[in-house]
Amino acid sequence: MGKRWEIILSGIGGQGLGLGGRILAEAGGIDRGLYVAQTQSYGARARGGYSQSSVIISEEEILYPLVQEPNLLLALGQRGYQYYAAKTKNNGLVIFDEETVQPDLSLPVQQIGLPMVATARKINHERGVTILALGAISLLTSVADSLSLQKVLERHFRRQAVSLNVLAFKEGMRIAYAYSTAQQVELPLL
């Protein structure tokens, strides 16, 4: 059986989770010639309500396009964390925002809390928090490499938005690197 990533990006509407899922699918799957499925859902009140994007990247054909047991969860809000953290595959990876999520450390998964929302706020780009998180994901995992993700960012954004989102992406890499150095973890984690 070939490599298969099942990824959930969860948070609240307005954080760009749908776009983040498409960017991750393109960089991690399509640009590498792999099979990809990407879906997204959100509550009736899109901005400020629950939102999530699901991505499957696989070396083999994807017969069912919905994530059943994620091996990577990004949680930018408590609701998504509560719903998906316990469903994450044993030894999977949960990356959560340390300001908005109270983690359950008894779960049998690797968990990393990063200051994603605070860092996005610090660079005056809170709506770019998912792009910032993609930077962290690129550094901590082998889902998609940073150069591919930056190329896809440049395809999706124009002019000033490119530089702002590349800044957010690099800040995500920076805080993930600071975490991995402080914790002396061997990368990639997943």
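Two strands count as paired if DSSP finds at least two bridges between them; helices (H or I, at least four residues) and strands (E, at least two) are DSSP runs, numbered from the N terminus. This is a predicted model, where local features need pLDDT of at least 70, side-chain atom pairs count only at pLDDT 80 or more, and totals for chains, interfaces and linings use all residues. Residues are numbered from 1 along each chain as its sequence is written, and side-chain values use heavy atoms, with hydrogens and water left out.

**Exercise 1. Lay out the sheet and find its edge strands.**

Step 1: go across the sheet. Six strands sit in the order S2-S3-S1-S4-S5-S6, making an open sheet with mixed pairing.

Step 2: look for strands that pair on one side only. Those are S2 (35–42) and S6, the edge strands.

Step 3: check the turn from strand to strand. Ignoring direction, neighbours are turned by 10° against each other on average. Axes here are lines fitted to C-alpha atoms, for helices over the stretch in contact, and angles run from 0 to 180 degrees between N-to-C directions.

**Exercise 2. Work out how S5 is held on its two sides, and whether S6 is enclosed or open.**

Step 1: take the S4 side. S4 (residues 72–75) runs parallel to S5, and four bridges join them. Ala 75 stands opposite Phe 96 in S5.

Step 2: take the S6 side. S5 (residues 93–97) and S6 are parallel too, with five bridges; Leu 93 has Gln 110 of S6 as its bridge partner.

Step 3: now the burial of S6. Four of the five residues in S6 (residues 110–114) are buried (under 20% relative accessible area; exposed is over 50%, partly exposed in between; 1.4 Å probe, protein chains only). So S6 is largely enclosed by the rest of the structure.

**Exercise 3. Place helices H1 and H4 against the sheet.**

Step 1: H1 (residues 17–28) lies across S1 (4–12), S2 and S3 (50–58), running at about 10° to S3.

Step 2: H4 packs on the sheet and is in contact (heavy atoms within 4.5 Å) with S1, S4, S5 and S6. The direction of H4 makes about 140° with that of S6.

**Exercise 4. Describe how H4 packs on H6.**

Step 1: get the geometry. The axes of H4 (residues 129–140) and H6 (residues 159–183) come within 6 Å and cross at roughly 45°.

Step 2: name the arrangement. H4 and H6 are therefore oblique: under 35 degrees would be roughly parallel, over 145 roughly antiparallel, 65 to 115 roughly perpendicular, and the rest is oblique.

Step 3: list some contacts. The H4 side includes Ile 131, Leu 134 and Leu 139, and the H6 side includes Ala 168, Phe 169 and Tyr 177.

Step 4: sort by class. The contact of H4 with H6 has 12 nonpolar, five polar and one charged residues.

**Exercise 5. Track down the backbone oddities.**

Step 1: the cis peptide bond joins Leu 187 and Pro 188, with omega about -5°. Pro 188 is in the segment after H6.

Step 2: for positive phi outside glycine, start with Asn 91, near 70°. Asn 91 sits in the loop between H2 (78–84) and S5, and it is exposed at 59% relative accessibility.

Step 3: go on to Arg 159 in H6. Phi of Arg 159 is about 40°, and this residue is exposed with a relative accessible area of 80%.

How values were computed: Left-handed = near helix turned anticlockwise from the far one by under 90°. Nonpolar A, V, L, I, M, F, W, Y, C, P; charged D, E, K, R; others polar.
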